[in-house]
Amino acid sequence: MPNPKIGDVHIDRAISNVAIRYQNSNFIADQVAPVVTVEKESDKYFTFTKGDWFRDEADNDRAPGTRAPRGGFDLSNENYALKEIAQASAIPDRIRDNADNPLRPFEDASEWSMQMVMLRRERRCASTLFNANNWSNQNALGANQRWNDFVNSDPATDIAVGKDTVLQSTGNAPNVLLIGQEVYKYLRMHPDALDRFKHTQTGILNQEQVAQWLDVDRVIIGSAIVNTAAKGAADSMSYVWGKNATLMYVTANPSISEPSAAYIFQKSSPETKRFREEAEAQDVVEVSLLTTIKVTSSDCGYYFPSCVA
């Protein structure tokens, strides 16, 4: 046996070029609800009466010397109220002083707190946009109509009906299909979709091809996950966006001349601050965000609850 042994000449320590950390990397809230930056925590925004802009009131054959008919449109208003999402993490001095490479106590605490804040915003968004009470139109698919039934379901027709319903009600054809990851899993393997691309593609389809099949500009997939178990208990992981879908008309940017299905009202970007707690001999990193998401045009959406089993 060699002397000295490996254990005598090497003491194990943390390596500095690898550590294992998990986090959500694809939050989508602001892709489906454009962010409106506001100054106050609560305020109002104008809404134009929809019917006034589609009523045909112009004189079709005005006689010489007569006035054009007078008319106009009504206005009302809605309000928003921001709520603060906040998360902090404490870094005791002794933890800071004894941390090995590659740990970065302050940076890690800041990034973890930011993840918590953005996960909370994502969950707020999902519970708002996947809520039947918030939309004027929906289609609760029967058991054999759900899109994982590859024999009987017809997702393209369901989407076409939804598009026509929103277009006829608002003058705007939905341009986004918001779906959870569990819905996307089945849509990209649906025989009707594969048949559409059978001469150019084999296997399962990608996101852009699903959008082409369903005739929408974009398919946006919610794939964030959440652990609903208490700390110390076995992890209970699930998708934030579930098994739902919402067909929506979404503007590229906030607009005063056209509706958008939903907006995120937000005072600013997330704020990160660091402060001292001397009695505890520690620093604290805190991330906060004043925000709310609101369905602003309920008729610009068409909801499919539990569209896969």
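# Close-up views of a predicted model

**View A. Lys-198, partly exposed at a relative accessible area of 48%, pairs with Asp-195.** Buried stands for under 20% relative accessible area, exposed for over 50%, and partly exposed for what lies in between (1.4 Å probe, protein chains only). This is a predicted model, numbered from 1 along each chain as its sequence is written; local features need pLDDT of at least 70, side-chain atom pairs count only at pLDDT 80 or more, and totals for chains, interfaces and linings use all residues. Side-chain values use heavy atoms, with hydrogens and water left out. The partner of Lys-198 in this salt bridge is Asp-195, and the closest N and O atoms are 3.1 Å apart. A salt bridge here asks for a side-chain nitrogen of Lys or Arg within 4 Å of a carboxyl oxygen of Asp or Glu. Asp-195 is partly exposed as well, at 44% relative accessibility. Across the whole structure, the search finds 16 salt bridges.

**View B. Arg-274 and Asp-283 belong to a salt-bridge network.** The side chains of Arg-274 and Asp-283 meet at 3.7 Å, N to O. What is the accessibility of each partner? Arg-274 is exposed, with a relative accessible area of 54%, whereas Asp-283 is buried at 8%. Through shared partners, salt bridges join Arg-274 and Asp-283 with Asp-93, Arg-96, Asp-97, Arg-276 and Glu-278 into one network. Within this network, turn to Arg-96 and Asp-97: they form a salt bridge whose closest N and O atoms are 2.9 Å apart. Arg-96 is partly exposed at 31% relative accessible area, while Asp-97 counts as exposed at 54%.

**View C. Six residues form a nonpolar patch on the surface.** Its members are Phe-46, Phe-48, Trp-53, Phe-54, Phe-73 and Leu-75, and together they have about 720 Å² of accessible area. Patch residues have over 30% relative accessible area and no salt bridge; like charges are joined within 9 Å, and nonpolar side chains (Val, Leu, Ile, Met, Phe, Trp, Tyr) within 5 Å. The areas come from the Shrake-Rupley method with a 1.4 Å probe, and for residues only the protein chains shown count as cover. Phe-73 is a good one to pick out: it sits in the loop between strand S2 (42-48) and strand S3 (75-81), and it is partly exposed, with a relative accessible area of 42%. Helices (H or I, at least four residues) and strands (E, at least two) are DSSP runs, numbered from the N terminus.

**View D. One cavity of 30 Å³ or more is found in the structure.** The largest cavity has a volume of about 40 Å³. Which residues line the largest cavity? They are Arg-121, Arg-124, Cys-125, Ile-264, Thr-291, Thr-292 and Ile-293. Helix H4 (105-129) and strand S13 (282-295) each give at least two residues to this lining. On a 1 Å grid over the protein atoms alone, a cavity is a set of points where a 1.4 Å probe fits but cannot get out, and lining residues have an atom within 4 Å of a point. Points are joined across faces, edges and corners, and the volume is the space filled by probe spheres set on them.

**View E. The count of disulfides is zero.** The rule asks for a pair of cysteine sulfur atoms within 2.5 Å. Cys-125 is in no disulfide, and its nearest cysteine sulfur, that of Cys-300, is 16 Å away. For Cys-307, also in no disulfide, the nearest cysteine sulfur is that of Cys-125, 16 Å away. Cys-125 is buried at 1% relative accessibility, and Cys-307 is buried at 0%.

**View F. Here are some backbone details, beginning with a cis peptide bond between Asn-101 and Pro-102.** Omega of this bond is about 5°, and Pro-102 lies in the loop between helix H3 (93-98) and H4. Most residues other than glycine have a negative phi, and most peptide bonds are trans. Asp-215 has a positive phi, near 60°; it is placed in the loop between helix H8 (207-214) and strand S7 (218-222) and is exposed at 54% relative accessibility. Ser-306 is not a glycine, yet its phi is positive at about 45°. Ser-306 is in the segment after strand S14 (301-304) and is partly exposed at 36%.

**View G. Ser-136 and Ala-281 are 54 Å apart in space, C-alpha to C-alpha.** In sequence, Ser-136 and Ala-281 are 145 residues apart. Ser-136 lies in the loop between H4 and strand S5 (137-138) and is partly exposed at 45% relative accessibility.

Terms used: On a 1 Å grid over the protein atoms alone, a cavity is a set of points where a 1.4 Å probe fits but cannot get out, and a pocket is an open set with protein on both sides within 12 Å along at least five of seven lines; lining residues have an atom within 4 Å of a point.
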